[in-house]
Amino acid sequence: MARPDGIDERHIQPAEGWQRHASPLSLVVFGVVIVLALTGMLGHEREWNAESGGAALTVHMPELIRNGEFFEMRITLESDEPIGELVVGIDQAIWEDMTVNTLIPAPTEESSEGGEFRFTFAELPASTPFLLKIDLQVNPDILGGNEGSVTVYDGERVLVEAGVGIGVLP
């Protein structure tokens, strides 16, 4: 049987020695990635908490993430006093170079003022937990991370504020 041009006898002989097996380097690289993931070096989540005047705010999101990834930001609020007009303000710097995919529940009004995105919701009875779930994606051009604050208002009056930050790896 004729062989194609450039193929000779050495190409069809079984490989011997180190060339017979895959490189052990790939196993070492895979092991390093597993160890980094288990230690949290490739990303982990965190909660930022703040309390003021009977209002407790918790922001849950990754503290470290890679660009291009999707993630979830959860903002939880509970107040000892009723809130007449619940407004959640998120600094524009936190979401710079990020895409917001979903916001649940949907606010009755959205605005941008004072360097933050503001989302207005209905009144919140005392001791009723409120959860705002936001799905986001880190755009590929962000590197290093973003910092800012999440502020909860009753109308225009500040109730509680928490500083948050997200580190972004390439």
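Which residue stands opposite Thr-99 in E8? The exercises below deal with this and related points.

The model is predicted: local features need pLDDT of at least 70, side-chain atom pairs count only at pLDDT 80 or more, and totals for chains, interfaces and linings use all residues. Residues are numbered from 1 along each chain as its sequence is written, and side-chain values use heavy atoms, with hydrogens and water left out.

**Exercise 1. Find the partners of strand E8.**

Solution.
- Step 1. Helices (H or I, at least four residues) and strands (E, at least two) are DSSP runs, numbered from the N terminus.
- Step 2. Two strands pair if DSSP finds at least two bridges between them.
- Step 3. Strand E5 (residues 98-104) is joined to E8 by six bridges in the antiparallel sense. Here Thr-99 stands opposite Gln-137.
- Step 4. E3 is also antiparallel to E8 (residues 130-138), over eight bridges. Opposite Phe-70 stands Gln-137 in E8.

**Exercise 2. Decide whether strand E4 is enclosed or open, and name its neighbours.**

Solution.
- Step 1. Buried means under 20% relative accessible area, exposed over 50%, and partly exposed in between (1.4 Å probe, protein chains only).
- Step 2. In E4 (residues 86-91), six of the six residues are buried, so the strand is largely enclosed by the rest of the structure.
- Step 3. Leu-86, Val-88 and Ile-90 point one way, while Val-87, Gly-89 and Asp-91 point the other way.
- Step 4. E9 (residues 144-154) pairs with E4 in the antiparallel sense over five bridges, and Tyr-153 is the bridge partner of Val-87.
- Step 5. E7 (residues 116-120) runs antiparallel to E4, with five bridges; its Phe-119 stands opposite Val-88.

**Exercise 3. Describe the nonpolar patch that includes Val-32.**

Solution.
- Step 1. Patches are made of residues with over 30% relative accessible area and no salt bridge (a side-chain nitrogen of Lys or Arg within 4 Å of a carboxyl oxygen of Asp or Glu). Like charges are joined within 9 Å, nonpolar side chains (Val, Leu, Ile, Met, Phe, Trp, Tyr) within 5 Å.
- Step 2. Accessible areas come from the Shrake-Rupley method with a 1.4 Å probe; for residues, only the protein chains shown count as cover.
- Step 3. Leu-25, Val-28, Val-29, Val-32, Val-33, Leu-36 and Met-41 make a nonpolar surface patch of about 600 Å².
- Step 4. Val-32 lies in helix H2 (residues 24-38) and is partly exposed, at 44% relative accessibility.

**Exercise 4. Place Asp-80.**

Solution.
- Step 1. Asp-80 is in the loop between E3 and E4.
- Step 2. Its relative accessible area is 52%, so Asp-80 is exposed.
- Step 3. The C-alpha atoms of Asp-80 and Ile-34 are separated by 44 Å, with the two residues 46 apart along the chain.
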